[in-house]
Amino acid sequence: MTGRAEDLGLAVEAIQGSTHVAVLLLGDSGIGKSTLLDAVVAELGSTVTPVRIHGSPSLTNVPYGVLGPFIVELPVQEATSQLAVLRTLWSRLEQERRASQMPLLLIVDDAHDLDEATAGILVELAAAGWAKLLVASAARPGLPEPLLQLWFEGIAERIDLRPLTQGQTAEILERELGPQVLPNVAEILWEASEGNPLLLNGLIDDAKKDGTLLQNNGVWLLGRPLNSHGDRLSDVVRRQLLRHSPEERQALNLIALAEPVSRELIEATVGQDPVAVLIEHELIRVTPAPHPQLRLWHSIYADTLRNLISPARSLQLRQSLLRLMDSEPTSAEGLLRQVSWSMECGAEVDDRQLLRAAVLASRLYEDELARRAAALIKDPELQVAARSVTARTYFNTSDYTAARDILEADFAKGLSVAVLLTGTLMWAAVQAALGHSPADIMDRAGALLEAGERLAKENPEDAEGILKATRERYATMHAMVFALAGEYPDGDGAQADVWAGPPANTLEAAFRLALESERLLVQGKAVQAFATVSEALESAGSGHDELYFLAEFLVARAAAAVIHGGDWEAAETLLAGVAAGPGPNRISFGGGVHAAHGVILLYQGKAAQALDTLSAALESLRLADPQQLFALTSSMAFAAAAEVGAKDKAAAFLADYDAAPRAVSRYLRVLSQMAVTYGKARLGNYPGAIDELRALGRPQAGGSTAGLEFDALAFCLALGDRDAAARVLELQPELEGPRAAAICHYAAALNTDQAADHLEAGKSCEDAELWGFAALAYDAAANGYRAAGDTLRERAALSQRKRCLDRMDSVAGQVPEADADALGVLTRRERDIVALAVRGLSDRQIAAELQVSIRTVEGHLYRSYAKLNVSGRDQLPGVSPA
């Protein structure tokens with residue numbers, strides 16, 4: 001981990017140097033202070049005489065208490081004399097120094113628990129040059145004043161340990177598990193631990209032990225949301241609790257069980273002082289006025305703490321809090337926590353509250369909680385909605401058969417229009433996921449219209465409203481299933497009649513726009529397709545409980561458009577939006593995000609990277625595939641494996657593709673078939689590949705399919721079919737996006753077969769980040785120049801081809817060695833100081849900005865000049881702080 005390595009280097013350098021007498025390590029609990037202490041001591045090895053001193057909360061108010069083992073020979077009557085203690089301590093330390101003949105290094109852990117007198121003694125030893133100090137302390141309450149004074153005087157190096165970055169978390173996982181870790185694992189663990197190494201290690205160990213973090217075909221992934229009641233994490237929280245008073249522990253328990261909870265309520269229960277201490281120690285956080293609420297600082301602490309509290313104690317705490325509460329929680333989160341708390345301790349909960357909590361839990365992918373709440377509902381009128389919520393939890397994990405069985409029992413039944421319509425959209429989505437055609441689904445959905453007519457006859461006074469509601473729902477289902485399939489209804493018949501009228505609501509409008517986007521994509525209008533599906537995203541709005549996947553469905557359509565068009569930046573922005581969702585959401589939809597990244601890499605010509613990414617995505621999709629992307633992903637993985645000659649992997653991916661249900665969308669179905677045909681051709685002995693690809697690009701259905709045909713011809717060109725170039729140029733006026741423009745430029749060069757045209761086509765493909773086509777173009781240019789006897793230009797073209805081949809093989813984020821940052825030789829602190837110096841700040845201004853002494857700034861600048869081989873500020877290169 002780069003940051004920790006720099007901290008280690010900075011600490012060792014300060015101890016070994018002559019400028020500082022102490023190194024002060026500050027950070028939150030669990031941030032890695034003790035680990036860094038040990039690493040520094042190990043790095044220093046036999047060059048120092050290490051002596052360890054450990055602060056203790058039980059001795060904070062006992063003068064020289066922690067020095068007891070060193071001053072046992074001191075008479076009791078002199079135990080409070082600073083001079084006597086100093087003399088006795090030094091005598092003991094000097095014995096150890098003489099034995100090793102190396103300088104003394106006093107290693108002080110948990111220095112925030114030192115008493116002031118002990119801190120003063122240690123400072124005396126350091127200031128006199130008798131020993132150096134290596135000190136670790138919690139940032140809050142912080143160091144005792146005497147130790148802090150060393151830093152103010154500029155003779156101590158202060159290192160504030162920062163939480164791990166997401167990249168550092170990924171490095172830890174790679175070191176622990178190996179290189180094949182799904183990216184969303186690092187994202188979720190980093191967010192859950194908030195970059196705290198102690199919590200992170202606890203989460204990793206517990207997740208491996210209980211099977212949440214599992215390995216499929218060599219790929220590590222999360223099979224379900226993290227739990228927080230494993231042994232390792234529970235032990236961490238228990239030890240944290242032992243450091244606090246009974247009143248503080250009661251406050252922590254209450255806040256964990258009820259969060260977010262009114263500060264006034266907690267203070268009325270336990271008093272103001274315990275709450276103030278917990279806020280100061282950053283164990284709890286408070287929202288701003290006018291109605292301040294409390295919650296634990298680390299959400300994972302709250303989850304673990306709740307699991308440590310017995311049901312009897314939980315019920316007792318709930319009753320003590322309820323006596324002071326005069327209203328129900330106003331926030332959705334507060335309601336969910338209160339209902340969950342009530343269920344945990346066996347208290348009665350109103351059916352409507354249970355249903356609201358179940359809906360909210362399913363929306364947050366807390367499937368177990370949603371099922372528990374739904375199962376407790378007794379009102380028959382509400383049980384239909386409860387079963388619909390339960391079905392949704394099975395849809396979350398791609399168990400479509402279980403979801404169907406639940407929904408089928410209630411479909412087209414109900415004594416009220418509200419009950420009749422409940423779960424109908426989810427029913428249609430499940431049918432589509434199980435592979436039923438839109439026409440088949442809508443034929444079966446006719447039962448809903450019949451049920452509406454029957455209900456209208458039974459309730460003539462409400463007949464008009466009932467018929468309107470059921471017909472509108474039928475129209476919305478119609479738009480949804482055809483949009484999911486990417487197909488327009490046939491020109492004749494009942495299905496086309498439904499489509500003829502205007503959309504009845506925003507949902508139907510959104511689905512119609514999604515389908516129009518797919519039509520434009522098939523026609524090659526990638527830019528227009530993206531604009532249309534973006535309009536659908538705006539039109540759809542939010543809050544559609546049954547169609548919780550609507551936003552992700554529309555994002556998938558948008559991603560298909562921008563990837564087809566080759567707008568990689570827009571694609572990354574879209575995918576980052578899904579990746580930024582809550583952790584459980586990333587487990588359900590993360591496989592689709594990684595699959596999209598893999599397709600981008602394959603299109604760019606980075607087949608080896610694409611293979612790794614798509615392989616990992618497949619393992620995630622085996623567990624949850626709400627967008628039905630498994631067939632597409634396995635076909636692309638097959639193509640990538642074939643591209644790099646990994647025949648065994650290719651065979652496995654082809655078997656996955658053959659066994660998988662086909663992609664729901666028409667465009668993605670055909671694209672999957674193209675990828676498989678391309679992969680078979682790459683593996684060899686598949687002579688009909690070109691004809692098959694061309695046929696896939698021009699299906700029998702009427703209307704323009706320029707987009708599909710372009711995809712087919714791009715595969716043909718990659719296979720070396722120069723004859724495809726002429727047809728690509730014919731299609732060019734119908735195509736949109738930088739990918740089409742670059743490949744058309746490549747096709748035009750093939751058409752003229754002039755070396756200079758190939759060279760320009762290579763540059764165009766490079767600009768579009770199509771490294772495979774760029775390499776082909778530069779290769780053709782080199783051949784042309786060779787035939788013309790132009791050796792100089794041939795070499796230049798071959799050099800450019802090699803650059804493209806290097807980019808095809810490079811790891812994501814890797815830069816050529818020649819472009820590596822020359823400032824990498826500097827430590828993080830040196831980079832920070834050099835960056836401010838480049839901006840023109842004086843030594844004094846830098847010291848104020850970074851809260852260090854002027855002497856520290858001068859020393860770091862001097863060492864930086866030496867490392868960079870420059871004589872002063874005016875020769876410093878530009879740099880951004882670390």
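A residue counts as buried when its relative accessible area is under 20%, and by that cut-off 54% of the 882 residues of the chain in this predicted model are buried.

**Figure 1. Overview of the predicted chain, with its 43 helices and ten strands.** Taken along the principal axes, the box filled by the C-alpha atoms of the chain is roughly 105 × 90 × 45 Å. Among contacts between residues at least 6 apart in sequence, 68% join residues at least 24 apart. The chain exposes about 38300 Å², of which carbon and sulfur atoms supply 51%. Its side chains include 80 that are positive and 116 that are negative, and the centres of these two sets lie 2 Å apart.

**Figure 2. The largest cavity and the residues that line it.** The model contains four cavities of 30 Å³ or more, and the largest cavity has a volume of about 530 Å³. Its lining is made up of 38 residues, of which A556, R557, Q627, L629 and L668 lie nearest the centre of the cavity. The elements that give two or more residues to this lining are helix 21 (424–433), helix 27 (550–565), helix 28 (568–579), helix 29 (583–604) and helix 33 (666–683). Helix 27 provides the largest share of the lining, with nine residues.

**Figure 3. Close-up of the cis peptide bond from R140 to P141.** Most peptide bonds are trans. The bond from R140 to P141, however, is cis, with an omega near 10°. P141 is placed in the loop between strand 4, which covers residues 131–138, and helix 5, which covers residues 145–152.

**Figure 4. Close-up of the cis peptide bond from E259 to P260.** Here the peptide bond that joins E259 to P260 is cis, and its omega is near -10°. P260 lies in the loop between helix 10 (246–258) and strand 8 (261–262).

**Figure 5. Close-up of N217, a residue with a positive phi in the loop between two strands.** Most residues other than glycine have a negative phi. N217 is not a glycine, yet its phi is positive, at about 50°. The loop that holds N217 runs between strand 6 (213–216) and strand 7 (219–222). Residues over 50% relative accessible area are classed as exposed, and N217 counts as exposed because its relative accessibility is 63%.

**Figure 6. Close-up of S398, a residue with a positive phi in the loop between two helices.** Although S398 is not a glycine, it has a positive phi of about 65°. S398 is found in the loop between helix 18, spanning residues 380–396, and helix 19, spanning residues 400–408.

**Figure 7. Close-up of the surroundings of A637 in helix 31.** A637 lies in helix 31, which comprises residues 630–644, and A637 counts as buried because its relative accessibility is 0%. When residues up to four places away in sequence are not counted, A637 touches L611, L614, L618 and F653. G679 is 42 residues from A637 along the chain, and the C-alpha atoms of A637 and G679 are separated by 9.1 Å.

Definitions and conventions. Residues are numbered from 1 along each chain as its sequence is written. This is a predicted model: local features need pLDDT of at least 70, side-chain atom pairs count only at pLDDT 80 or more; totals for chains, interfaces and linings use all residues. Side-chain values use heavy atoms; hydrogens and water are left out. Helices (H or I, at least four residues) and strands (E, at least two) are DSSP runs, numbered from the N terminus. Buried means under 20% relative accessible area, exposed over 50%, partly exposed in between (1.4 Å probe, protein chains only). Contact means heavy atoms within 4.5 Å. Accessible areas come from the Shrake-Rupley method with a 1.4 Å probe; for residues, only the protein chains shown count as cover. Lys and Arg count as positive and Asp and Glu as negative; His and the chain ends are not counted. The place of a charge is taken as NZ of Lys, CZ of Arg, CG of Asp or CD of Glu. On a 1 Å grid over the protein atoms alone, a cavity is a set of points where a 1.4 Å probe fits but cannot get out, and a pocket is an open set with protein on both sides within 12 Å along at least five of seven lines; lining residues have an atom within 4 Å of a point. Grid points are joined across faces, edges and corners, and a volume is the space filled by probe spheres set on the points.
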